[in-house]
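Q: I'd like to learn how to read a model like this one, feature by feature. Could you walk me through it?

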Amino acid sequence: MTIADWIFDGVLVLTLVWLALRTLAGGQLFKSVVLYIAYGLLVALAWVRLSAPDIALAEAAIGAGITGVLLLDAAGHMRGSIESRSSRNLRARNQSAEGGEDG
Amino acid sequence: MPLSEWVGAQLPALVILVPLTAAPVAFLGVRLGRPVALVSALMSQPLAIALALEVAREGVLRYEIGGWGAPLGIDFVVDGLAATMILVTSVIGLLITVYASGYFTDQDRYRFFWPLWLFLWASLHALFLSGDAFNLYVCLELVSMSAVALVALTARREALVAAMRYMLAAILGSLFYLLGVALLYAAFGSLDMATLRGAIRPDVTGQAAFALMTVGLLLKTALFPLHFWLPPAHANAPSPVSAALSALVVKGSFYILIRLWIDVGSPSVAPGTAHLLGVLGSVAIVWGSIQALRQERLKMLVAYSTVAQIGYLFLLFPLVRAGGVAAADAWTGGVFHAVSHALAKSAMFLAAGTVLARLGHDRIEGVGGLSRRAPLTAMAFGLAGVTMMGLPPSGGFVAKWQMISASVLSGEWWWAVVIVAGGLLAAGYVFRVIGRFLGREEAGDREADTGRSPRTMEWTALALALGALVLGVAGQPLLDLIPIGAPALVAGIGVTP
Amino acid sequence: MAEPELRSPLAVRAAALAISGGVGALLIRALLVLPKDEAGLAPLVKANLDASGVKNPVTAVLLNFRGYDTMLEIAVLVLATIGVLSLTIAHSDKWPTVAEHAAPALSALARFLAPAMVLVSGYLLWAGEHAPGGAFQAGSVLGAAGILLALSGYARPAGMTGFALRAAITVGFIVFLAAAIGDMLIEGALLEYPADHAKTIMLAIEAWLTVSIAVILASLFISSASPVEELRRRIRGGR
Amino acid sequence: MTQADLYTVAGGVLFTIGLYGLITRPHLLYKVLALNVASGGVFMVFVGVARRVPGPAPDPLPHAMVLTGIVVTVSSTAYALALAKRIFTETGMATLDSADTMEGGEDAAE
């Protein structure tokens with residue numbers, strides 16, 4: 001392990017943590033999903049670093065790729081959905097009927 | 001090699017393969033679901049009985065999958081506990097299958113029930129036989145995935161949301177368990193439970209692994225306060241599914257928990273935690289029973305009763321620590337309780353399903369006079385209630401008797417108090433329902449009754465309730481089977497704390 | 001209008017912080033003191049690699065030493081697919097056509113990419129025996145090609161209905177199961193491959209798994225990815 | 001501290017972040033995202049553990065387990081998303097509160 005290796009690994013790990021936080025802290029579905037896909041791809045990169053090419057391939061294809069497509073599709077379906085506890089069905093229905101747009 | 005010999009040698013594989021093969025066939029053929037499930041259910045009976053007899057005769061069986069042998073490969077391990085659980089799953093599974101073939105009249109709309117149910121059945125068998133910590137994770141996922149899909153089958157709003165809650169809890173539970181597996185493998189170098197037993201140390205890693213796996217499995221077993229997902233899921237599922245969930249599925253994760261604690265990790269890994277589990281179990285008994293008393297819907301009442309009855313199972317953990325005769329009593333009593341609860345609870349849910357099928361609702365207020373119109377169903381519920389209360393001569397009585405005896409022997413008499421109090425509370429909610437069944441009809445109750453309850457539905461519920469009752473007088477073979485190959489702690493070699 | 005930033009109440013967040021903080025501390029403390037000298041089962045895998053019939057140790061573990069795990073894992077995949085189908089096409093039993101009028105750019109891309117993805121998938125399947133790759137990687141690339149075609153309006157998945165769809169979903173699992181049972185009859189244990197044919201059997205299993213995994217992954221997307229309005233209409237009509 | 005340690009600890013941190021997100025975010029899609037983030041953390045622990053084996057080649061066993069885990073995770077994610085979408089279609093909401101406002105369930109046997 002050279003110093004460059006350490007720096008690379010350190011930056012990679014910190015980026016992963018940052019992406020995880022950004023993914024889950026966000027308020028816009030699409031943006032969070034895209035951040036998650038980036039997270040999945042960097043996880044695959046981490047596994048290349050750990051000499052695990054078999055699962056790096058699988059993670060990139062399944063973990064980031066297929067899961068990402070599924071998530072994007074779900075985000076599209078749930079456009080205009082909200083997290084509020086106080087606003088009830090009616091308001092939510094109206095919003096989705098208008099196809100309330102997304103960030 | 002003669003066929004009978006071959007079957008004898010392949011029994012552990014066959015009990016899994018029969019439903020596991022039936023499942024995709026039931027999915028492939030649109031109209032094959034029901035007949036295939038019935039054939040699979042019938043074939044499972046002799047296999048499960050033969051497996052139990054084999055264990056009774058030969059002791060613990062090991063089966064090396066792929067011929068590699070643990071720890072490189074995966075082994076099936078069949079001891080008395082595993083054989084008992086397979087036997088119970090097979091019997092209850094058969095009756096649920098028969099019930100479901102009468103319950104789902106719209107066979108086309110519910111055709112996915114059959115493959116999902118067969119997968120659930122196969123994965124329960126796989127779980128009970130597995131001797132490998134990671135393989136158990138895969139089995140847990142199979143069980144949860146099929147159980148959740150079955151809950152959501154009606155696609156009613158409540159069922160969908162309940163299924164979602166269940167799904168999230170189940171995945172999180174699996175992840176906790178999987179983290180524990182990672183730690184165990186990293187620290188002790190094996191996934192095979194028997195190898196781990198010899199290698200495990202109560203160090204930081206060992207304790208963290210146990211803590212994580214325990215939390216995950218408690219979430220899946222729905223022990224108070226992690227029970228939040230259970231009542232809506234069990235109450236809103238189609239009734240045959242509710243029966244399978246309460247009777248069998250929660251026992252699956254509990255089964256891993258006792259394997260882990262009493263077999264692999266005993267007794268050094270986490271002293272003190274056993275008592276915490278006992279206390280949580282006690283709270284579950286009281287809290288679940290009180291909630292059951294307050295429910296307005298029959299299936300919610302039965303579901304909260306499950307939350308309470310799960311509590312009894314956890315009294316096992318403090319009680320076996322005493323070692324000696326007390327531990328042996330607690331082990332047999334705890335497992336026997338799981339068995340008799342499985343029979344009685346599935347009877348209750350199936351009876352509740354018949355009520356729903358007739359009335360179109362399950363409000364307890366509206367079931368007045370049903371005992372005269374559907375006597376078999378009311379009787380099934382009442383007889384199952386006898387086991388739930390722990391009255392003689394039921395299986396519940398024998399189980400509680402053994403656990404009370406264990407708590408007296410170990411000097412921890414307070415567990416006995418909890419057991420007795422739980423029985424009284426159970427009497428409260430059982431009689432509340434029975435009282436309505438026997439009581440006066442309100443105006444309109446009779447008109448609401450469609451009278452639709454096929455005999456297959458009424459009789460299967462009654463058979464299960466009778467089974468739970470008969471277990472009390474004819475349960476000796478099972479009481480002899482359960483301790484075969486029991487962990488050292490329970491077999492009387494254990495240390496006294 | 002952006003989605004409102006609405007969170008859990010402060011009490012929930014405080015409790016969540018306590019719970020996840022506690023779990024994280026416990027976990028990380030354990031991870032920091034993992035023993036350095038524990039070689040796990042790696043030596044055992046290495047010692048038996050020749051007997052497994054393949055040269056890639058991960059493939060050997062997945063399909064031979066712990067093939068039973070993999071068989072059950074395929075069951076999970078099939079199960080999830082049945083679950084998704086039960087939520088979406090319980091009545092019509094058809095893959096809805098996702099895009100009838102796709103963007104020209106996407107169509108052009110798909111026309112170019114899809115054949116390449118099929119090639120890559122075939123390579124990955126073949127390579128899995130001795131190098132990184134295998135049925136899962138191959139199947140997911142093939143499945144992604146299917147999704148791409150469906151999105152660009154090329155695939156006519158709606159034509160693949162009923163039995164053919166269900167057969168494609170389950171074929172990998174059924175072949176695996178048949179191999180497992182065949183081994184019981186011939187060699188005497190579940191998934192105990194005859195030594196001379198281990199490699200061939202594993203390759204056959206993997207080839208069919210690739211097909212199933214591709215169809216499953218594509219159908220997980222396609223069967224559930226229909227427009228909201230369409231789904232609503234179908235649900236109302238189905239009741 | 002080795003490279004493997006760095007990644008296993010990072011896996012622990014990622015799991016923790018996912019756990020926190022799962023509890024605090026009411027939106028179903030975020031809950032699914034949180035579980036996926038947490039799964040990534042768990043898998044990273046496994047891959048890190050595999051790398052600790054002395055020598056050039058890591059332990060293949062955790063790799064096989066992670067591959068199994070990835071497939072299991074995508075299966076449950078796909079199902080959970082289908083469920084979430086159906087809940088949204090039926091109730092117009094995307095949280096677990098969706099059932100609260102509804103009348104008591106009547107499960108008619110079909």
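Q: Let's begin with a small piece. In what order do the elements of chain D run from the N terminus on?

A: A good habit is to list the elements along the chain before looking at how they pack. Keep in mind that this is a predicted model. Chain D reads α-α-α from its N terminus, with three helices and zero strands.

Q: How much of chain D counts as buried?

A: For burial, look at how crowded the surroundings of each residue are. In chain D, 81% of the 110 residues count as buried. Contacts add to that picture: among those in chain D with a separation of 6 or more, 53% are between residues 24 or more positions apart.

Q: Which elements of chain D give two or more residues to the side that touches chain B?

A: To read an interface, ask who contributes, then what kind of residues they are. Here 37 residues of chain D meet 40 residues of chain B. On the chain D side, α1 (3-24), α2 (28-51) and α3 (60-91) each give two or more residues, and α3(D) has the largest share with 15 residues. By type, this side of chain D holds 22 nonpolar, nine polar and six charged residues.

Q: And how many residues does the contact between chain C and chain B take from each chain?

A: The reading goes in the same steps. Chain C puts in 47 residues and chain B 47 residues. Helices of chain C that each supply at least two residues to this side are α1 (10-32), α2 (42-52), α3 (57-65), α4 (67-88) and α7 (162-186). The most comes from α4(C), with 15 residues. The chain C side divides into 32 nonpolar residues, seven polar and eight charged.

Q: Now chain B itself. How many helices and strands does it have?

A: Count elements, then turn to overall dimensions. Chain B has 21 helices and two strands. Its radius of gyration is 21 Å, close to the 23 Å that the globule rule gives for 497 residues, so chain B is as compact as a globular protein of that length. The C-alpha trace of chain B spans about 65 × 55 × 40 Å along its principal axes. Buried residues account for 71% of the 497. Of the chain B contacts between residues at least 6 apart in sequence, 81% join residues at least 24 apart.

Q: Which residues have the most contacts inside the largest nonpolar core?

A: For a core, look for its best-connected members and for the elements that feed it. The largest nonpolar core has 386 residues, and those with the most contacts inside it are Val151(B), Ala163(B), Ala347(B), Leu83(D) and Ala84(D). Helix α6 (residues 157-188) of chain B gives the largest share of this core, 26 residues. Domain 1 (6-35) and domain 2 (54-238) of chain C both give residues to this core, so it lies between them.

Q: Can we zoom in on one spot? Where does Ala468(B) lie?

A: With a single residue, go from element to surroundings to partners. Ala468(B) is in helix α20 (residues 455-474) of chain B. This residue is buried because 29 other C-beta atoms lie within 10 Å. Leaving aside neighbours within four places in sequence, Ala468(B) contacts residues including Ser340(B), Leu343(B), Ala344(B) and Ala347(B). Ala347(B), in turn, touches Ala380(B), Ala384(B) and Leu464(B), among others.

Q: Which peptide bond ending at Pro71(B) geometry should I note, cis or trans?

A: Omega is the angle to check. From Ala70(B) to Pro71(B) the bond is cis, with omega near 5°, and Pro71(B) sits in the loop between β1 (61-64) and β2 (75-78) of chain B. Another cis bond joins Pro392(B) and Pro393(B), with omega about 5°. Pro393(B) belongs to the loop between α16 (375-389) and α17 (395-409) of chain B.

Q: Is Ala155(B) buried or exposed?

A: Backbone angles and burial can be read together. Ala155(B) has a positive phi of about 60° although it is not a glycine, and is found in the loop between α5 (133-151) and α6 of chain B. Ala155(B) is buried, with 20 other C-beta atoms within 10 Å.

Q: Last, which element of chain A has the lowest mean pLDDT?

A: Check confidence before trusting details. Helix α4 (residues 89-97) of chain A has the lowest mean pLDDT among the elements of chain A, 42, while helix α1 (residues 3-25) has the highest, 96. Chain A averages 81, and 77% of the residues score at least 70. Over residues 84-103 of chain A, pLDDT stays under 50.

Notes: Residues numbered from 1 in each chain as written. Chains lettered and ligands numbered in written order. Predicted model: local features only at pLDDT ≥ 70, side-chain atom pairs only at ≥ 80, totals over all residues. Helix = DSSP H or I, 4+ residues; strand = E, 2+ residues; numbered from the N terminus. Buried ≥ 20, exposed ≤ 12 C-beta atoms within 10 Å, placed from the backbone. Contact = placed C-beta atoms within 7 Å. Core = buried A, V, L, I, M, F, W, Y, C linked by C-beta atoms within 7 Å. Domains from an automatic or database assignment. Rg over C-alpha atoms; globule rule 2.2 N^0.38 Å. Nonpolar A, V, L, I, M, F, W, Y, C, P; charged D, E, K, R; others polar. pLDDT = per-residue confidence, 0-100.
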